[in-house]
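User: I would like to go through a structure step by step. Can we start with the ground rules and then take the questions one at a time?

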Amino acid sequence: MSDHSLFIWGSYGVFAVALVIELFLLRSRAKRTLQTLKDEQLVRQLDK
Amino acid sequence: MSMNWFKYSSPAAFYPLAGKMAPWFFGIAAVLAAAGLYIGFLIAPTDFQQGEVYRIIFIHVPTAWMGMFIYLVMAGYAFLGLVFNTRLSAMMMQALAPTGALFTALALWTGALWGRPTWGTYWVWDARMTSTLILLFLYFGFMALDNAIEDRRRADKATALLALVGAVNIPIIYFSVRWWNTLHQGATLNPGSSKMAGTMLTAMLLMTLACWAYAIAVALVRVRAVIVERERGAAWVGELSSAAAGPTQPSAANKAI
């Protein structure tokens, strides 16, 4: 591209990686929340 | 026909709506980003002064705008939460803050990488950059305060106050290039007298809309997790957990019980 390609791809690369990390963390949190719900329900069932 | 908007200020009503809307916003964000990147890299011409490096504008300006805009939205929710005492307002603030911080950090990063070849420096303590750094610290402060106070009602009030007071920084960031003599260039968009080529402007606006759709989608997914975490004792979440448990096996934690 040009002698500035490191600056351009450094910007776009970090931008893309940051969004991917956010989406990954978000997915893990959503899964963890769902698992907690399932666990709580199972504990309630076992307590009955 | 009138719609009862207050209905969706209830977490129980908003939870399923957020789940339905999030995939649409992710889809819209992907399509807009693909169009914006296509025009930005393959159609928009090389800048006669800055060469290729100006293409950083297609992510720098949208992230900077989103950093400011998300904080304003949080301040709006803070106001609603304090005036109407709606629980969902605090949840939305919680859901928006990490994405706002991320966009602000990305604006600073991409700005530094644009500044080095253009101005000869990664960073100077000028008004625009310093006030944007303060915005990042406001986001960090918001999240730290939210985590530090255990009593949820007190945490919601304290963070709402911080969001409202911190919003004073937004006009300072926006008008800093007019009020002070800064190294940072003036406003990118001047209504009626934009100096940018049409294709450059189109790419930048498409990327801005993509970031907007992405932020909405992420906030909707995160607020669902926040709602469940905070409303665990509520009857409707109990019903939700019954549905979630379904025919599945207990997790490792339960097996250990």
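Analyst: Contact here means heavy atoms within 4.5 Å. Keep in mind that this is a predicted model.

User: Which residue of chain A does B:F58 touch?
Analyst: Leave out residues up to four places away in sequence. B:F58 then touches B:G40, B:A44, B:M200, B:A203, B:M204 and B:M207. The list also holds a residue of chain A: A:Y12.

User: Which helix gives the most to the largest nonpolar core?
Analyst: The largest nonpolar core has 81 residues. Those with the most contacts inside it are B:F14, B:F58 and B:V223. With 18 residues, the top contributor to this core is a helix of chain B, residues 198-230: helix α7.

User: About how much area do chain A and chain B bury between them?
Analyst: The contact takes in 29 residues of chain A and 45 residues of chain B. Of the buried area, 71% is on carbon and sulfur atoms. The total that chain A and chain B bury is about 3200 Å².

User: Which residue forms a salt bridge with A:E22?
Analyst: The count of salt bridges between chain A and chain B is 2. In one of them, the closest N and O atoms are 2.9 Å apart. The partner of A:E22 there is B:R222.

User: Is B:A90 buried or exposed?
Analyst: B:A90 lies in helix α3 of chain B. B:A90 touches B:D156 and B:R230, not counting residues up to four places away in sequence. The cut-off for buried is under 20% relative accessible area. B:A90 has 8% relative accessibility, so it counts as buried.

Definitions and conventions: Residues are numbered from 1 along each chain as its sequence is written. Chains are lettered from A and ligands numbered from 1 in the order in which they are written. This is a predicted model: local features need pLDDT of at least 70, side-chain atom pairs count only at pLDDT 80 or more; totals for chains, interfaces and linings use all residues. Side-chain values use heavy atoms; hydrogens and water are left out. Buried area is the accessible area (1.4 Å probe) that two parts lose on being put together, summed over both. A salt bridge is a side-chain nitrogen of Lys or Arg within 4 Å of a carboxyl oxygen of Asp or Glu. A nonpolar core is a set of buried Ala, Val, Leu, Ile, Met, Phe, Trp, Tyr and Cys residues joined through side-chain atoms within 4.5 Å. Buried means under 20% relative accessible area, exposed over 50%, partly exposed in between (1.4 Å probe, protein chains only). Helices (H or I, at least four residues) and strands (E, at least two) are DSSP runs, numbered from the N terminus.
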